[in-house]
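Student: I'm new to this one and would like a close look at a single part: the disulfides. Could you walk me through them slowly, along with whatever sits around them?

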Amino acid sequence: MGWPTALAVAAGALATMVSGTNTCSQWAPCYREGYCDASAMFCMWDLCDPSKSFNATSCWKPEGCVNQAVSFDSVTDVVSIKKYSGNPNTNPFVSVFEPDYAKIADGKLVLEMPYDSKNNRGFGSTVDSSHSFKYGTVTARIKTASIAKGVVSSFIIRSNLVGDEIDFEWVGKDPREVQTNFFYHDILNYTNSKSFDVGGDTSAAYHDYTIVWASDSITWIVDGKKLRTLYRKDTYDRKSGEYRFPAAEGRIGFSVWDGGNSGAQGTAEWAGFPTPWTKDTVYRMSVDSINIQCSGDNPPPASSTGGGKDLTSSATSKSSTTISESRPSSSSNPPASSHPPASPTASSSPAPTNQPSPSNPPSPSNQPSATDSPAPSNQPSATDSPAQTNQPSSSLPPPNKCHVVKVTVAA
């Protein structure tokens, strides 16, 4: 079965194949990777290709940011994309892979990766926010799945349509480390990544991971300690004449995937290999809670989402973070991004994404794609230290102007 066919089957609908100069119809208006359909798997913003859909309004619109404090104590906090209605107020997170191994259990969001015997590797999970996000502060309390070499866990903000990304990532061969990275338009730059020692096994205990994203800077924080700040002014590329700084609206996501058995040498060396498996092995990444504070730059639309549901507000939520300095770990070889798109291709290096891109048909696997690879393990980094003395003050962005659709605060 080819990957486009697998997409059609996974959609659970009679998706229409597009060929030649054919376009999508009004009955199956949304185009994605060679097929047209009317389901969330095809129409959801950041998955749907507006240039090839039936008309300019076929793809669902970006939902905009809302302040949310989600403690994952309700089964409705995450829903399979096959069951997603398009109303982000009902389900704050969407599991984008089929089969779906993400669930709510014991007050946690759990992303599982069991063994896929057919492909001799793990089949992971990816969960994305149902609201889009641009600029603000996001804190997630996470226990990683990276208990063994090869197991990769990710917490990211990603635009698939543009290729901008900000991330935290953990690999099984170095469970005490967290890696910070960013991408602009999917351009690989191995010097963008920096690694830091968290002070303990990230798969054994929960830690608070924070991304503060503003129009002119990005700060990565762990347990209240500032690890790193990137300034837009420092990303200027003289050759292209542009600032290679992530600035595109995207989604907040979590994922777990098998980097050790990806088939890509660079990826396997970066993650650790081979990933240990038995037929009963299941690796689990757990998210205890997430707090999303919007900057107010992309509030939700006044009336409806792309799925046709009205946005309603009910309360406001506020948070603060105390920031202190932290030094980087001793690692001198930070790799590039390795977030898993949903489809493998003929070769084997990961692209910096955590869900299907319009150019790579998704499959029943969330393994890395063939287009990009992390830096080989012997590649030195150009930089491996936090920003210098021009760090900003420890204050967070000003209070946001977004509205809350759901607030669940743990006691």
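Tutor: Sure, let's start with the pattern: if you number the bonded cysteines of the chain in sequence order, the pairing goes 1-3, 2-4, 5-6, 7-8. Keep in mind that this is a predicted model. The count comes to four disulfides, and we'll visit some of them in turn. In general, a disulfide is a covalent bond between the sulfur atoms of two cysteines.

Take Cys24 and Cys36 to begin with. A disulfide joins this pair, with 1.8 Å from S to S. The link of Cys24 and Cys36 is left-handed, with -75 degrees about the S-S bond. Cys24 sits in the loop between β1 and β2, while Cys36 belongs to strand β3, so the bond ties together parts that are 12 residues apart in sequence. Both Cys24 and Cys36 are buried.

Now look at the sheet around Cys36. Three strands make up an open sheet, in the order β1-β3-β2, and the pairing is antiparallel. At the edges you'll find β1 (16-17) and β2 (30-32), each of which pairs on one side only. Strands of a sheet pair through backbone hydrogen bonds, either parallel or antiparallel. Here, β1 and β3 (residues 35-37) run antiparallel and are joined by two bridges. Which residue stands opposite Cys36 of β3? That's Thr16. So Cys36 has a disulfide to Cys24, in the loop between β1 and β2, and also stands opposite Thr16.

Next up is the pair Cys48 and Cys59, whose sulfur atoms are 1.9 Å apart in their disulfide. This link is left-handed too, with -65 degrees about the S-S bond. Where do the two cysteines lie? Cys48 and Cys59 are both in the loop between α2 (40-43) and β4 (67-70), so the bond ties together parts of the chain that are 11 residues apart in sequence. Are they buried or exposed? Cys48 is buried, because its relative accessible area is 2%. Cys59 has 10% relative accessibility, so Cys59 counts as buried as well, the cut-off being under 20%.

The loop between α2 and β4 also holds Cys65, and that takes us along the chain to Cys294 in strand β22: the pair ties together parts that are 229 residues apart in sequence. The sulfur atoms of Cys65 and Cys294 are 2.0 Å apart in this disulfide. With -85 degrees about the S-S bond, the link of Cys65 and Cys294 is left-handed. Cys65 is buried, with a relative accessible area of 1%, and Cys294 counts as buried at 2%.

While we're at β22, there's another kind of tie to see. Lys108 and Asp288 form a salt bridge between their side chains, at 3.3 Å from N to O. Lys108 lies in strand β8 (residues 108-116) and Asp288 in strand β22 (residues 282-294), so this pair ties together parts that are 180 residues apart in sequence. Strand β22 therefore holds both Asp288, with its salt-bridge partner Lys108 in β8, and Cys294, with its disulfide partner Cys65 in the loop between α2 and β4.

Definitions and conventions
Residues are numbered from 1 along each chain as its sequence is written. This is a predicted model: local features need pLDDT of at least 70, side-chain atom pairs count only at pLDDT 80 or more; totals for chains, interfaces and linings use all residues. Side-chain values use heavy atoms; hydrogens and water are left out. Two strands pair if DSSP finds at least two bridges between them. Helices (H or I, at least four residues) and strands (E, at least two) are DSSP runs, numbered from the N terminus. A salt bridge is a side-chain nitrogen of Lys or Arg within 4 Å of a carboxyl oxygen of Asp or Glu. A disulfide is a pair of cysteine sulfur atoms within 2.5 Å. Buried means under 20% relative accessible area, exposed over 50%, partly exposed in between (1.4 Å probe, protein chains only).
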